[in-house]
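Open your viewer, get comfortable, and have the selection tool ready. We will go from stop to stop, and at each one you will hear what to select and what is there.

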Amino acid sequence: MNYYFHSSKRSTILIWKVKARICFFIVIAAVVAIFYETFIEKSVGPEQTKCTPGKFLLPGMNSCHLWLTCTDIKKDVNISSIVLGIGAQKIVKEGRWHQYPVAVNVLDFTHYSEDLMYGLEMLKLLSSQPKIIQLVGWCVDNGSLAVVITEKHSLGSADNVASVLEHHFPQHNTLATRFRLCFEFVFILHFLHSQPGGSYVMCDTNDPMKTLSQFLLTDNLTLVLNDVDALPQVRRGSGHLIKCGKVELSGPYVAPEQLWPFDEMPFIDTMMPSYDEKVDIWKIPDVCNVLIGDAHGAGALKLHLFNIHSQCRELEPSKRPTAEKILQVYDSIKRTLKL
């Protein structure tokens, strides 16, 4: 038997199998992207164009501009006293770069330098993507205070979506709009879970409203992920799983694998098992139910969602569907209900 011939043959077959799988995933990703584009553009029109990494494009600008430096920010950015939001790690104020409104994130580097630097690096990495907040610039001063400039979205965070729709856009306060927001939420999870280096997991999500507070509503009522400070990465190739923080988690919104499994002893972080991105899937039904709310026809929609959302709540993480599979089911339901 010619060993080298058979070895070469096996290698050729393996290569073709790998190529076939790559093609398959490319096709599936393209199909999901088409689903998304169709879903959004039919509802609210095309989204704003994004620039290549290292640049930004605010509404009203004719061309992309390099990220602002410390010199640019100190010279050209005016920071008002209007507070857009307050968190444990930062205060967000309204600002203006030339005639363009921006969000000025004043970060406390004294106590949260590691988390905030990670968040800044994530913004640099992801902000050129359509569903991630746009980075405009940043400046770290003496290692204790940092300012990160991002695009401002005047409608605020998505935990206020019910109020925004009811009081500002009653004509869009429909089941179709609300279900589209569910689709967008899962689409962003799909994007995070599909990164080449491994899946990013949304950790700063202790309940549905806290999860939605990580997103902003754009002027055309779409979602963008705003808070990227707590996105640890699952790297399956090296066997690296993640844990969300170093304290014990509890409550029905938390996935079962995130709960302390040893009732007979107190919580010890080093003994807590790690987990993967399927913890995000567990949370989808609760977030989607909040987004759908009590809009006319919500009951019928939730009935159609029952099977896929029940799968999201499988106790065994590996049995839960991927975000991509959920998008496909959502699209099918949309077509069935003509939303």
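**First stop: the end of a helix**

Select Lys338, which lies in the segment after α9 (323-337). Keep in mind, here and at each later stop, that this is a predicted model. Is Lys338 buried or exposed? With a relative accessibility of 74%, Lys338 counts as exposed, because the cut-off for that word is over 50%. Now look at its backbone: phi of Lys338 is near 55°, a positive value in a residue that is not glycine.

**A turn to His98**

Next, select His98. You will find it in the loop between β4 (90-97) and β5 (100-108). His98 also has a positive phi, about 55°, although it is not a glycine. Its relative accessible area is 44%, so His98 is partly exposed.

**A nonpolar patch**

Turn on the surface and select Val83, Ile86 and Ile91. Together they form a nonpolar patch on the surface, with about 280 Å² of accessible area. Now keep Val83 alone. It sits in strand β3 (residues 77-86), and it is partly exposed, with a relative accessible area of 42%.

**Going inside: Leu221**

Hide the surface and select Leu221, in the loop between β9 (215-217) and β10 (223-225). Is Leu221 buried or exposed? Its relative accessibility is 4%, so Leu221 counts as buried; the cut-off for buried is under 20%.

Which residues does Leu221 touch? Leaving out residues up to four places away in sequence, its contacts are Leu155, Val164, Leu165, Phe169, His172, Arg180, Leu181 and Glu184. Pick His172 from that list and draw a distance between the C-alpha atoms: Leu221 and His172 are 49 residues apart along the chain, and these two atoms are separated by 8.9 Å.

**Spaces in the structure**

Now for the places without protein atoms. How many cavities of 30 Å³ or more does a search of the whole structure find? The search finds 4, and the largest cavity has a volume of about 140 Å³. To see where it is, select Lys90, Asn105, Leu123, Val148 and Asp229, the residues that lie nearest its centre among the 13 that line it. Colour by element and you can follow the lining: β5, α3 (109-126) and β7 (145-151) are the elements that give two or more residues to the lining of the largest cavity. Of these, α3 gives the most, with 4 residues.

Move on to the largest pocket, which holds about 1,600 Å³ of space. Its lining counts 48 residues, and the closest to its centre are Asp204, Gln214, Asp227, Asp229 and Ala230. Asp229 is worth keeping selected for a moment: it is among the residues nearest the centre of the largest cavity and among those closest to the centre of the largest pocket. The strands β3, β4, β5 and β7 and the helix α3 each supply at least two residues of the pocket lining.

**Charged pairs**

Side chains of opposite charge can pair when their charged atoms come close. Here the count comes to 11 salt bridges, and we will visit a few of them.

Begin with Arg236 and Glu277, whose side chains meet in a salt bridge at 3.0 Å, N to O. This pair links distant parts of the chain, 41 residues apart, with both Arg236 and Glu277 in the loop between β11 (233-234) and α7 (278-292). Glu277 has 10% relative accessibility, so it counts as buried.

Then select Glu257 and Arg320, a salt bridge in which the closest N and O atoms are 2.7 Å apart. Glu257 lies in the loop between β11 and α7, while Arg320 is in the loop between α8 (298-312) and α9, so this pair ties together parts that are 63 residues apart in sequence. Both Glu257 and Arg320 are buried.

Another pair is Asp286 with Arg313, where the side chains meet in a salt bridge of 2.7 Å, N to O. Asp286 is in helix α7 and Arg313 in the loop between α8 and α9, so parts that are 27 residues apart in sequence are tied together. Asp286, at 25% relative accessibility, counts as partly exposed, and so does Arg313, at 26%.

For your last selection, take Lys131, Arg180 and Glu184: salt bridges that share partners join them into one network. You have already seen Arg180 and Glu184, since both are among the residues that Leu221 touches.

Methods. Residues numbered from 1 in each chain as written. Predicted model: local features only at pLDDT ≥ 70, side-chain atom pairs only at ≥ 80, totals over all residues. Heavy atoms only, no water. Buried < 20%, exposed > 50% of the residue type's maximum accessible area, 1.4 Å probe, protein only. Contact = heavy atoms within 4.5 Å. Patch = residues over 30% accessible without salt bridge, like charges linked within 9 Å, V, L, I, M, F, W, Y side chains within 5 Å. Areas by Shrake-Rupley, 256 points an atom, 1.4 Å probe, with all protein chains shown as cover. Salt bridge = Lys/Arg side-chain N within 4 Å of Asp/Glu carboxyl O. 1 Å grid on protein atoms, 1.4 Å probe; cavity = no way out; pocket = protein on both sides within 12 Å on 5 of 7 lines; lining within 4 Å. Points joined across faces, edges and corners; volume = space filled by probe spheres on them.
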